Amino acid sequence: MEGTSIILTCLVFSPFLALLFIAFMSKQEVKTIRTLAVLGTIPPLVLSSWLFIKYHQGYDLALVEEARSWLSFGFFPVDEGPRPFSIEYELAVNGFSLLMLWLTSILTTVASVAAFRIQEKVKGYYVAFYFLFIGMLGVFASNNLFLFFLFFELTLVSLFFLIGKWGDARKEKAAYSYLIYNGIGSALLLLVIAFIFATTGTTSIDELTSFFRNDDSFQSGTKAWLAFTLFIAFGIKLPIFPFHTWMLNVHVHAPPAAVILHAGILLKIGAYGLIQFGFGFFPSEFQAMSPLLLLVGLVNLLYGAVLALIQTEFKRVLAYSSVSHMGIVLLGLGAVNEAGVQGAIFQVISHGFIAALLFFLVNTVEMRFQTTDLARLGGLAHHVPKLAGFLLVASLASLGLPSMSGFISELMAFVGVFQTSLYIGAFGVIALILTAMYMLRAVLAITFGQRKEEGNHIDLKWFETLSVSALTAFIFGIGLFPQWVTDSIINTVQIVLNGMGG
Amino acid sequence: MDIETLLSYEWKAMIPEFIILLTIILISIMDLFRRKKAHQWLGWFAFSGIVFAIISVFVLLGEGTISILYDTFVLDQFAKLFKWLLLVGAGFVLLLAVGYRTGDNSFPHGEFYYLFLTALLGAMIMSSSGDLLTLFVGLELLSISSYILVGLKKKRKSTEAALKYVINGGIATAITLFGLSYLYGLSGSTKISDMVLIFAQNQDASVQYVLGLAFLVTFVGLSFKIASVPFHMWAPDVYEGAPTPVTSFLSVVSKTAGFILLIRVFLSVFGNAQGNDGLTMFEQLKPFIAILAILAIIVGNVIALRQMNVKRMLAYSSIAHAGYILVAFVSLSPYFYLDTIWFYLLAYLLMNIGAFAVIQVIGGRIESFAGLYRTSPFIAIAMTVFLLSLAGIPGTAGFIAKLHILLTAFSSSSLEWALVIALLGGTIVSYVYYFGVMVQMYFRPPKKEERTSIPTTVWLVVAICLVFTLALGIYPQMALDIFHRG
């Protein structure tokens, strides 16, 4: 299999161009660096949007696949056929990963605008930011486990620097907890990848998917622990319940401009990995784990919602709300039926936009009032009406108001859950009510009431308005025309379900 | 022995050794006549000797196995490839030494060069010895020269380190020799190829018992050279006290030599000796090495967490890395074996020498790394890459090396889960201290604003190591091809 298209390589590595420009700029020219940084996110955005539109017009994504020989371990003189223990440079997209690429490009552009707030070491910030960008694009475009892992770790290291250098007072502790938890996650992932590589001789995702589904040479016990290890590895990233503390720290202490990407994309890598590799390689094992997924999902959902209810800091509310919303992803996957899996993927996309919007607004609030403490904010609707308005919209989207994207994903996920287990579904619905409570409690405390905060009451500037409007438009767009997304993911859902024989 | 027999030997097998020997003799003479400050020329002369030796190894790469002097000197593929590693490592160390400056000129460069080359010669002889005698001569040549090298600075710390090194080394050598004496006693020969034949046919359980004893005792003795548990405690003190070029020599060249010795003796003698249940002695006794490897990984990584001196930290991390290589050593995979160890040593050479080069100009204390990115960004970025590589982050040579070890472990006939888990667990722990240095470089304000001046040769070493650490991480095929074509 030799694909020679270079579109995906261009897409993944196009940020390098801007990175080079930024790297050779003088530190003092902050304005130029900022402009360059925003402009640099445009080429991937254009490329991925173009691909996305072409795909919806019926373009065959197999045409953009790439495969080039790269490296090979050991010494196996073979004349023909694939050489064992060789790794190819493989890039490919399907509907789901293209959607994620597109989401990544959009959110990165928004995040680069949000990072205008960074005043110190602007150049360094954008250099790390661009490495993170390349890592995220690569994760979704790679069609080889080895390559996937390479990009995955690139995001780990670059976000470590973003948190540790540009976060708030307790940034280093947050950076370390991020590093250790995710280090454990990637070590487990590496364990699985190396084991698969050593026993099958390949890391190509296509080859492995067909291998695991057609070949019975693996003992079912081996497959079960591989599936379980993958679940934990990506579960730490998602995060699932006992492994979530790092993610709270990151949400609260990292610079909000980076949290846009963290909450919007990086957490979703966990879900993406679970769906593409977990369900892709080991469908029957994951089907067997369905009760576990449902249970963990329910715990995430309720635990996050209850704790979000008692937080006094807006960023913490959002952090716990992320935990809660990721529970919906797990519930949908655990339902193992069409509606559930579709809802889970839908939630991945939808929460990406909503979390990004919320954190963009957090960023603007923090920039103006230097606090996100609920007790110290109030009456924003009077002084900064646009900001307050968008905040309200974002919170409504988050609690799943019909006509917005959150509603569709929750609806589909719960339809799936109810088909599988009535009790889990019934408990889950409680959390949806809690979501409405904590979101409204927090947002109303900020927008209405007495003015408490000091600081400059400047409403959203034009570029901020543009960014939040774009995000809001996407949220409504998906809510009103869900077939945008469903058309893209229908193949992935089918592949997941086919493997389960359902 | 008349002149004709003497000439009938294929002396070309020893050309690399001869080149180094000639360089040593010339330098030691030239050192007597040089002016005080002209040590740089000596350094370049020594360097050119190493370069010629590297070239000659490459020329010899095409030859088949040559065995001369009654099989005491063997130049096989293994010897060439590992000799190449030793020479490349030594070349880097030499460049570091040329750029090594102390405030009071207390470092005698001339003596360093020829003692250093003597140590290298010992290591090279070890890598092609087919007889326990040559093996031991090489080992002693390496050891005794390194004892002096450690104490070269003649300062209190350096002398203390040298003394520790001599005493520990003496004990270790005695233990090694004790183990080797069993081998001789049981086989009646010092020739490795003879031993292989004799032990392969041995059925006697009591002989197997003594062989097992020899196995353990020899391994314990040799663990000194590779700085692994149980003979690891010298490493931190000696690494800290020795002049930095010597430290990098100990952690790279000397360690490589230790592994060469280990492979030579254990793989051939014990790897063929018959044990119980149709297993070889090596397979039967490898759990012991596995336990020591796990201990090395734990001890190295855990104690490294608490170090405030980067040199000491790298000493403990080098203990851990020895443990990682031992994981590959005991795995005995049918598909990957020597290539794994070779590649790991190569990657380790690049990243570790790079890191020591940076330490040489910046200093060992962790505070001196504070704000390095502000004062000298290039050095900081280079150090970051070396640390990432040591931590095994993808995109660097260290990751490929670690993946290679994992592959070896997973494809071995009897998979040891404990080893794999220790390897991965150790890697996670190591993130903490490697990233700790990065925290200093990027997140802390600098103590002093001025830039440290960097000697050209050190700069060169940092740049080359940086390029190859990245290149081998992204395209390792170029090194793997050298191995598999050779």
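What follows walks through a predicted model with a chain A and a chain B, from the chains as wholes down to a few spots inside them. Because the model is predicted, local features need pLDDT of at least 70 and side-chain atom pairs count only at pLDDT 80 or more, while totals for chains, interfaces and linings use all residues. Residues are numbered from 1 along each chain as its sequence is written, and chains are lettered from A and ligands numbered from 1 in the order in which they are written.

Chain A first. Its secondary structure adds up to 22 helices and 2 strands; helices (H or I, at least four residues) and strands (E, at least two) are DSSP runs, numbered from the N terminus. Chain A has a radius of gyration of 22 Å, close to the 23 Å that the globule rule gives for 502 residues, so it is as compact as a globular protein of that length. (That radius is taken over C-alpha atoms, and the rule is 2.2 Å times the number of residues to the power 0.38.) Laid along the principal axes, the C-alpha atoms of chain A fill a box of roughly 75 × 60 × 45 Å. Of its 502 residues, 60% count as buried, meaning that 20 or more other C-beta atoms lie within 10 Å of the residue's own, with C-beta atoms placed from the backbone (12 or fewer is exposed, in between is partly exposed).

Chain B comes to 20 helices and 2 strands. A compact globule of 486 residues would have a radius of gyration near 23 Å, and the 22 Å of chain B agrees with that. Its C-alpha trace spans about 70 × 55 × 40 Å along the principal axes, and 57% of the 486 residues of chain B count as buried.

Now for where the chains touch. Here, 26 residues of chain A are in contact with 26 residues of chain B, two residues being in contact if their C-beta atoms, placed from the backbone, lie within 7 Å. On the chain A side, α7 (145-166) and α8 (171-200) each supply at least two residues, and α8(A) gives the most, with 13 residues. Sorted by class, that side has 19 nonpolar, 4 polar and 3 charged residues. Ala, Val, Leu, Ile, Met, Phe, Trp, Tyr, Cys and Pro count as nonpolar, Asp, Glu, Lys and Arg as charged, and the others, Gly among them, as polar.

One helix pair reaches across the two chains. The axes of α7(A) and α18 (residues 417-443) of chain B come within 11 Å and cross at roughly 50 degrees, where axes are lines fitted to C-alpha atoms, for helices over the stretch in contact, and angles run from 0 to 180 degrees between N-to-C directions. That makes α7(A) oblique to α18(B): angles under 35 degrees count as roughly parallel, over 145 as roughly antiparallel, 65 to 115 as roughly perpendicular and the rest as oblique. Phe160(A), Phe161(A), Gly164(A) and Lys165(A) of α7(A) meet Phe435(B), Val439(B), Tyr442(B) and Phe443(B) of α18(B). These residues split into 6 nonpolar, 1 polar and 1 charged.

Inside chain B, Phe112(B) sits in helix α5 (residues 109-127). With 26 C-beta neighbours inside 10 Å, Phe112(B) counts as buried. Neighbours within four places in sequence aside, Phe112(B) is in contact with Ala97(B), Phe107(B), Leu149(B) and Leu152(B).
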